[in-house]
Amino acid sequence: DLVALAERFDAQGTVAHALNNIGPALADDGQERGFELLQRSLAIALEHNMHDHASRAYRNASEASVRNRLLVQADALIVPGIAFARAHDMDLHVSGLIGALVQVRLMQGRLDEALQLAQECLRAESSSASLSTTHLTVATVAHTVAMLQDPGADGGVQDVAREQEPARGRARGNTHGGQKERVARVPHVQD
């Protein structure tokens, strides 16, 4: 298989990448092996200073934990994942991890925290994250929590949508006026 071949040639980046792809699929199928592969991917990436692979492993393992309702496991991965991704300027993964944290807080019934994190994430400057599934999830959570707390509220989603309108249609790395778009910092989550 690909992992065995990559290991044979000591292609650690390929091994980490492959495990990062296979792990979530197996975890979503209810197989503990998926989480083991993600942990292995994370260990390889950390050992070899592969920041993107490590950030992705934190994110994939966290999101798979959330999807499997393993909230204690998700919590244990998300906070160090955010710290790592933030320290290495992996903003897209920071955003995804914060989105996972919002979902965990919602599932734990910690509605005030979920709403606060969701609103902070939505109010962050326009970035590639604003166009992602994570952003959509966070917006949905903010709206849902606000509606649960006050049926007439919208969680600030409409205001944020208006503020982010200029960013719609732009993808990360696209140029505008010959300059690369700046990827925004996402809100700080206490470690």
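Contact here means heavy atoms within 4.5 Å. Keep that in mind for what follows. And one caution: this is a predicted model.

Let's start with I78. What does I78 touch, not counting residues up to four places away in sequence? There are S62, L97, A100, L101 and V104. I78 also has a place in the largest nonpolar core. That core has 41 residues. I78 and I82 are the ones with the most contacts inside it.

Which elements give two or more residues to this core? Helix 1 (2-8), helix 2 (12-28), helix 3 (32-47) and helix 4 (51-67) do. So do helix 5 (71-87), helix 6 (91-107), helix 7 (111-123) and helix 8 (133-149). The largest share comes from helix 6, with seven residues.

Now step back to the whole chain. How many helices and strands does the protein chain have? Nine helices and two strands. Read from the N terminus, the order is α-α-α-α-α-α-α-α-α-β-β. In other words, the helices come before the strands.

The protein chain has 191 residues, and 46% of them count as buried. Its exposed area is about 9900 Å². Carbon and sulfur atoms supply 51% of that area. Next, the contacts. Take those in the protein chain with a separation of 6 or more. Of these, 62% are between residues 24 or more positions apart.

On to the aromatic rings. The structure holds one aromatic pair. How are the rings of Y58 and F84 arranged? Their centres are 5.9 Å apart. Their planes are at 45 degrees, so the pair is tilted. The cut-offs make this plain: under 30 degrees would count as stacked, and over 60 as edge-to-face. This pair links distant parts of the chain. Y58 is in helix 4, F84 is in helix 5, and 26 residues separate them in sequence. Are Y58 and F84 buried or exposed? Both are buried.

Last stop, T140. This residue lies in helix 8. Its relative accessible area is 46%. Buried needs under 20%, and exposed needs over 50%. T140 is therefore partly exposed. Where is A118 relative to T140? In sequence, the two are 22 residues apart. In space, they are 8.9 Å apart, C-alpha to C-alpha.

To recap: a nonpolar core of 41 residues, one aromatic pair, and a partly exposed T140. If you open the model, begin at I78.

Methods:
Residues numbered from 1 in each chain as written. Predicted model: local features only at pLDDT ≥ 70, side-chain atom pairs only at ≥ 80, totals over all residues. Heavy atoms only, no water. Core = buried A, V, L, I, M, F, W, Y, C linked by side-chain atoms within 4.5 Å. Buried < 20%, exposed > 50% of the residue type's maximum accessible area, 1.4 Å probe, protein only. Helix = DSSP H or I, 4+ residues; strand = E, 2+ residues; numbered from the N terminus. Phe/Tyr/Trp six-rings, centres within 6.5 Å; stacked < 30°, edge-to-face > 60°. Areas by Shrake-Rupley, 256 points an atom, 1.4 Å probe, with all protein chains shown as cover.
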